[in-house]
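I sat down with a new model today and kept notes as I went. Here is what I looked up, in the order I got to it.

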Amino acid sequence: MSASQLIENFWEKYISYTPSANRIHQLFSTNITNDHIAFRTLNISKTSIDVQKEYLSQFGYQERGKYDFKVKKLRAIHLENENKSLPKIFLSELLLDQFSDNLQKKFYEVLEKKKFINDDLFLGGRSWEIEYNTYVQLAKESEYASWLYVWGFCPNHFTLSVNHLHDYKSLQEVNDLVKKNGFKLNKSGGEIKGSPGQLLEQSSTIADLQNVNFSGIIHSVPSCYYEFARRYEVSRGKLYQGFIAKSADKIFESTNIQ
């Protein structure tokens, strides 16, 4: 499988539970360039971002940045491909040992006997039964944890590169089009996170609501969202390729229970 086919597989999986992303994609008449794709996981030996990074290395991806989110108790890295036409990949992991015994116990219970091979940590989804009360309790401690409990291992969001659009030059123009067509944006920290001075501006939709089967009972819960990024030159002809932790912290909240 080629890196391009892997990315296509990620997209098909993602739009299966984030239908709004496909509709937003169709709002733009030009070909869409993806800035980055994000995934969520846990910092245990068989599911860590280091394991994910090793798998992606065979497709030409290498680590290029590290980030810490102390309040949300997360660690993250971003990878870039030797083929610069391919999107960056942002990997984050929940620092499980920094949470309550109950939260840790729940994840060890559902993952203890699971084996992960090949791209399971990217496309495997959830392979365990879930309870709604557990979901609610996890959300009180960490929205990130509750999302992982329901959705498992899958693409969390894709990101449209504003820099590669022909008809829209600013992130504000893109936001206005998205809102005009009925999609809600994440306003945590403002609709636009970051600034030209920080060399990166980002915005995102609020995650889609999807019906999920919780042991025979259906509840509607947030799935995933679509992000938009506008990058600025770090030097003549070269765009900044990293991420701003303060902005990413607010982007994470796109999947929060509203």
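The entries below go from the whole chain down to single residues.

**Entry 1: the whole thing**

First reminder to myself: this is a predicted model. I started with the secondary structure and got 9 helices and 12 strands. Then I checked the overall dimensions. The C-alpha atoms fill a box of roughly 50 × 40 × 35 Å along the principal axes. I wanted to know how the radius of gyration sits against what a compact globule would have. For 258 residues the expectation is near 18 Å, and the protein has 18 Å, so the two agree.

Next I looked at burial and surface. Of the 258 residues, 53% are buried. The accessible surface comes to about 12,200 Å², and carbon and sulfur atoms account for 46% of that.

I also looked at how far along the chain the contacts reach. Taking contacts between residues at least 6 apart in sequence, 68% join residues at least 24 apart.

Last item here was charge. I have 32 positive and 30 negative side chains, with the centres of the two sets 2 Å apart.

**Entry 2: helix α4**

Which residues of α4 are buried? I noted L103, Q104, F107, V110 and L111. They cover an arc of only 140° around the axis, so they sit on the same side of α4. On the other side of the helix, D101, N102 and K105 are exposed.

I then asked what covers the buried residues of α4. The cover includes two strands, β1 (34-42) and β4 (88-94), along with the helices α6 (132-141) and α7 (143-151).

**Entry 3: helix α6**

Since α6 turned up as part of the cover over α4, I went there next. Its buried residues are T134, Y135, L138 and A139. Looking down the axis, I see these residues within an arc of 135°, so they line one face of α6. N133 and K140 are exposed on the other side.

What do the buried residues of α6 pack against? My list reads α4, α7, β8 and β9.

**Entry 4: two positive phi values**

Here I was checking backbone angles. Most residues other than glycine have a negative phi. I wrote down two residues that go the other way.

N118 is not a glycine, yet its phi is positive at about 50°. Where is N118? I found N118 in the loop between α4 (101-111) and α5 (120-123). Buried or exposed? N118 has 60% relative accessibility, so N118 counts as exposed.

S215 is the other one, again not a glycine, with a positive phi near 50°. S215 belongs to the loop between β8 (209-214) and β9 (217-222). Its relative accessible area is 35%, which makes S215 partly exposed.

**Entry 5: A229**

I picked A229, in strand β10 (residues 225-231). A229 has a relative accessible area of 1%, so I logged A229 as buried.

Which residues touch A229, leaving aside neighbours within four places in sequence? I got D35, then T159, L160, S161, V162 and N163, and finally L200, E201 and Q202. I checked V162 separately: A229 and V162 are 67 residues apart in sequence, but their C-alpha atoms are 5.8 Å apart in space.

**Entry 6: I251**

I251 is in helix α9 (residues 245-251). With 3% relative accessibility, I251 counts as buried because the cut-off for buried is under 20%.

Not counting residues up to four places away in sequence, I251 touches N186, K193, Q202, S203, S204, Y225 and E227. Q202 is also on my list for A229. I took one distance as well: I251 and F90 are 161 residues apart in sequence and 12 Å apart, C-alpha to C-alpha.

**Entry 7: A207**

The final residue in my notes is A207, which lies in the loop between β7 (200-204) and β8. Is A207 buried or exposed? Relative accessibility is 8%, so A207 counts as buried.

Its contacts, with residues up to four places away in sequence left out, are P222, S223, C224, Y225, S254 and T255. Y225 is a contact of I251 too. I also looked up A207 against S4: the two are 203 residues apart in sequence, with 26 Å between their C-alpha atoms.

Terms used: Residues numbered from 1 in each chain as written. Predicted model: local features only at pLDDT ≥ 70, side-chain atom pairs only at ≥ 80, totals over all residues. Heavy atoms only, no water. Helix = DSSP H or I, 4+ residues; strand = E, 2+ residues; numbered from the N terminus. Rg over C-alpha atoms; globule rule 2.2 N^0.38 Å. Buried < 20%, exposed > 50% of the residue type's maximum accessible area, 1.4 Å probe, protein only. Contact = heavy atoms within 4.5 Å. Areas by Shrake-Rupley, 256 points an atom, 1.4 Å probe, with all protein chains shown as cover. Lys, Arg positive; Asp, Glu negative; His and termini not counted. Charge placed at Lys NZ, Arg CZ, Asp CG, Glu CD. Arc of directions from axis to C-beta.
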